[in-house]
Amino acid sequence: MSRGKAAPKRVTTPDPVHNSELLGRFINFLMERGKKSVAQAIVYDALRIVKAKKKEDPIKIFEQVISTAKPQVEVRSKRVGGANYQVPMPVVGKRQNALAFRWIITAAKARKGPMAKKLAQEFLDILEGIGGTMKKKDDVHRMAEANKAFAHFARRR
């Protein structure tokens, strides 16, 4: 039950170097206080470091990192008869990307050193299935698995 019209979805401009819309969205997520050029410099430095280590196209690697980090299910609180249940629900497209971006940036910020190096290391760790982002994804999936018994509340009004 919403009031008024839904806000129109904005089109994200692709990043200027690789012309990738996904990378443009990631840069916007990383950006703080409107400083887009700083965010771009950090992301491009990170991609340069990853390219030097992996010897592959950095955009292909970036897309692989994001697809690996995307969650398939998440738990949402649902109040039924005075009790709150953690109900597992599938995650829809854009939210998968948003969660993956958020987890990657949070995990990278938790490391020590310059942001570009931290981000590059997080990308490499995700490809190996380790690191803060993968731990967060595994925790979310484990929570959903543990609360599978409450899945029947997912579509109930």
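Which residues in helix 2 are buried? They are Ala39, Gln40, Ile42, Val43, Tyr44, Ala46, Leu47 and Val50, where buried means under 20% relative accessible area, exposed means over 50%, and partly exposed is in between (1.4 Å probe, protein chains only).

Before going further, a word on what this is. It's a predicted model, in which local features need pLDDT of at least 70 and side-chain atom pairs count only at pLDDT 80 or more, while totals for chains, interfaces and linings use all residues. Residues are numbered from 1 along each chain as its sequence is written, and side-chain values use heavy atoms, with hydrogens and water left out.

**The overall picture**

The chain has six helices and two strands, running α-α-α-β-β-α-α-α from the N terminus. These elements are DSSP runs numbered from the N terminus: helices are H or I with at least four residues, strands are E with at least two. The C-alpha trace spans about 55 × 40 × 25 Å along its principal axes. Of the 157 residues, 38% count as buried. Contact here means heavy atoms within 4.5 Å. Among contacts with a separation of 6 or more, 60% are between residues 24 or more positions apart.

On the outside, the chain exposes about 10,100 Å², with carbon and sulfur atoms supplying 53% of that; the areas come from the Shrake-Rupley method with a 1.4 Å probe, and for residues only the protein chains shown count as cover. As for charge, there are 34 positive and 14 negative side chains, and the centres of the two sets lie 9 Å apart. Lys and Arg count as positive and Asp and Glu as negative, with His and the chain ends not counted; each charge is placed at NZ of Lys, CZ of Arg, CG of Asp or CD of Glu.

**The core**

The largest nonpolar core has 29 residues, and Phe26, Ile104, Leu119 and Phe123 have the most contacts inside it. Such a core is a set of buried Ala, Val, Leu, Ile, Met, Phe, Trp, Tyr and Cys residues joined through side-chain atoms within 4.5 Å. Two or more core residues come from each of helix 1 (21-30), helix 2 (36-54), helix 3 (58-69), helix 4 (93-109) and helix 5 (115-128). Helix 2 gives the largest share, seven residues. In soluble globular proteins, nonpolar side chains tend to be buried together.

Phe26 is a good place to start looking. Leaving out residues up to four places away in sequence, Phe26 touches Val43, Phe62, Phe101, Ile104, Ile105, Leu119 and Phe123.

**Two helices in detail**

Back to helix 2: its buried residues pack against helix 1, helix 3 and helix 5. Its 19 residues should span 27 Å at 1.5 Å a residue, and the end C-alpha atoms are 27 Å apart, so the two agree. That expected span is 1.5 Å times one less than the number of residues.

Helix 4 has 17 residues that should span 24 Å at 1.5 Å a residue, and its end C-alpha atoms are 25 Å apart, which agrees. Its buried residues are Gln96, Asn97, Ala98, Leu99, Ala100, Phe101, Trp103, Ile104, Ile105, Ala107 and Ala108. Their cover includes helix 1, helix 3, strand 1 (73-80), helix 5 and helix 6 (132-146).

**Loops and odd spots**

Two residues other than glycine have positive phi: Arg33, near 55 degrees, and Lys55, near 60 degrees. Arg33 sits in the loop between helix 1 and helix 2, and Lys55 in the loop between helix 2 and helix 3.

Here is how some residues outside the helices compare in relative accessible area:

| Residue | Relative accessibility | Class |
|---|---|---|
| Pro16 | 60% | exposed |
| Arg33 | 78% | exposed |
| Lys55 | 69% | exposed |
| Pro71 | 0% | buried |
| Gly129 | 39% | partly exposed |

Pro71 lies in the loop between helix 3 and strand 1. Setting aside neighbours within four places in sequence, Pro71 contacts Val91, Gln96, Leu99, Trp103, Lys137 and His141. The C-alpha atoms of Pro71 and Asn97, 26 residues apart along the chain, are separated by 8.6 Å.

Pro16 is in the segment before helix 1. Not counting residues up to four places away in sequence, Pro16 touches Gln40 and Tyr44, both of them on the buried list of helix 2. Gly129, in the loop between helix 5 and helix 6, has its C-alpha 9.7 Å from that of Val65, 64 residues apart along the chain.
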